[in-house]
Amino acid sequence: GQVSPLLVDAFDKVTLPGSSWSPDGELLFASSWPPHDEIWAIRPEMSAPKRLTSRPKLMAYEPSWGPAGKLVFESHPVDVARRGRITVLVGGQYRDLTGKQRDCRQPNWSPTGEWIVYQCRERKTSWDLWRIHPDGTGERRLTSSRGAEADASFSPDGAWVIYSGDGAGTLK
């Protein structure tokens with residue numbers, strides 16, 4: 001059909017392909033609306049988005065819907081571009097899955113909700129892919145190479161992970 005913008009303003013919107021739509025039709029996005037980056041949702045038939053995250057000292061972006069309305073996203077201290085951590089929001093409660101001593105970004109749920117895949121850089125090395133259960137257990141590095149692996153997404157059956165990379169990686 002026709003292209004219909006949902007929002008038009010001077011602020012950035014970021015979504016992740018394949019994980020931005022909730023099962024009940026909400027579109028998930030991050031926006032730099034003041035005071036700083038937070039996660040928002042909007043229904044195509046509505047004109048006003050609703051803010052899903054609100055933390056005065058932490059920004060939120062790169063969101064991904066999980067099962068039963070669970071949300072995973074990347075958190076950073078306000079105005080800090082590094083030290084990303086993977087955070088889940090369930091029932092109004094925030095839980096960091098990774099610590100602030102590493103730089104972890106771009107989380108994405110598996111179709112079953114059993115795993116979250118994300119990219120992480122430790123001690124200024126290149127980006128590798130990791131996975132973790134949404135309760136914070138079972139963390140494991142999936143790739144290791146001299147190049148960077150990023151932008152990971154699960155296949156619809158959860159058996160595969162596709163990602164972009166600039167080196168010959170080894171899947172673990």
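This is a conversation about how some features of a predicted model get their names.

Colleague: How many aromatic pairs does a search of the whole structure find?

Modeller: The search finds three.

Colleague: What makes the pair of W33 and W40 edge-to-face?

Modeller: Take the distance, then the angle. The ring centres of W33 and W40 are 4.6 Å apart, and the cut-off for a pair is 6.5 Å. The planes stand at 85 degrees. Over 60 degrees counts as edge-to-face. So the pair of W33 and W40 is edge-to-face.

Colleague: Are W33 and W40 buried or exposed?

Modeller: Both W33 and W40 are buried.

Colleague: Which residues do ring pairs link into a cluster?

Modeller: F29, W33 and W40.

Colleague: Why is the pair of F73 and Y94 called edge-to-face?

Modeller: Its centre-to-centre distance is 6.4 Å, and a pair needs centres within 6.5 Å. The angle between the planes of F73 and Y94 is 90 degrees. The cut-off for edge-to-face is over 60. The name therefore fits F73 and Y94.

Colleague: Which strands hold F73 and Y94?

Modeller: F73 is in strand β6, residues 71-77, and Y94 is in strand β8, residues 93-96. They are 21 residues apart, and the pair links distant parts of the chain.

Colleague: How do you know whether F73 is buried or exposed?

Modeller: Its relative accessible area is 0%. Buried means under 20%, so F73 is buried.

Colleague: And what is Y94 called, buried, exposed or partly exposed?

Modeller: Y94 has a relative accessible area of 33%. Exposed needs over 50%, and buried needs under 20%. Y94 lies in between, so it is partly exposed.

Colleague: What lies over the face of Y94?

Modeller: R55 does, at 4.8 Å from the ring centre. The distance limit is 6 Å. There is a second case: R131 lies over the face of W115, at 3.7 Å from the ring centre.

Colleague: Why is strand β9 called largely enclosed by the rest of the structure?

Modeller: Count its residues. Strand β9 covers residues 103-109, and seven of the seven are buried, so the description holds.

Colleague: What joins β9 to strand β10?

Modeller: Five bridges do, and the two strands run antiparallel. Strand β10 covers residues 116-121. Pairing takes at least two bridges, so β9 and β10 count as paired. One of the bridge partnerships sets D103 against R121 in β10.

Colleague: Which residue in the hairpin of β9 and β10 takes a positive phi?

Modeller: G113, near 85 degrees. The hairpin has six residues between the strands.

Colleague: How many disulfides does the structure hold?

Modeller: Zero. A disulfide would need two cysteine sulfur atoms within 2.5 Å.

Colleague: How do you know whether C104 and C120 are buried or exposed?

Modeller: Set both against the 20% cut-off for buried. C104 has 0% relative accessibility, so it counts as buried. C120 has a relative accessible area of 2%, so it is buried too.

Colleague: In what order do the four strands of the open sheet run?

Modeller: The order is β5-β6-β7-β8, and the pairing is antiparallel.

Colleague: What makes β5 and β8 the edge strands?

Modeller: Each pairs on one side only. Neighbouring strands of this sheet are turned by 30 degrees against each other on average, direction ignored.

Colleague: How do you know that β5 and β6 pair?

Modeller: Six bridges run between β5 and β6, in the antiparallel sense. At least two are needed, so the pairing of β5 and β6 stands. L58 stands opposite P77 in β6.

Colleague: What is unusual in the backbone at E62?

Modeller: Most residues other than glycine have a negative phi. E62 is not a glycine, yet has a positive phi of about 55 degrees. E62 is in strand β5. At 14% relative accessibility it counts as buried.

Colleague: Where is R83, and what is its phi?

Modeller: R83 sits in the loop between β6 and β7. Its phi is positive, about 60 degrees. With a relative accessible area of 34%, R83 is partly exposed.

Colleague: Which peptide bond is cis, with omega near 15 degrees?

Modeller: The bond from P34 to P35. P35 lies in the loop between β2 and β3.

Notes: Residues numbered from 1 in each chain as written. Predicted model: local features only at pLDDT ≥ 70, side-chain atom pairs only at ≥ 80, totals over all residues. Heavy atoms only, no water. Phe/Tyr/Trp six-rings, centres within 6.5 Å; stacked < 30°, edge-to-face > 60°. Buried < 20%, exposed > 50% of the residue type's maximum accessible area, 1.4 Å probe, protein only. Lys NZ or Arg CZ within 6 Å of the ring centre and 35° of its normal. Axes fitted to C-alpha atoms, helices over the stretch in contact; angles between N-to-C directions.
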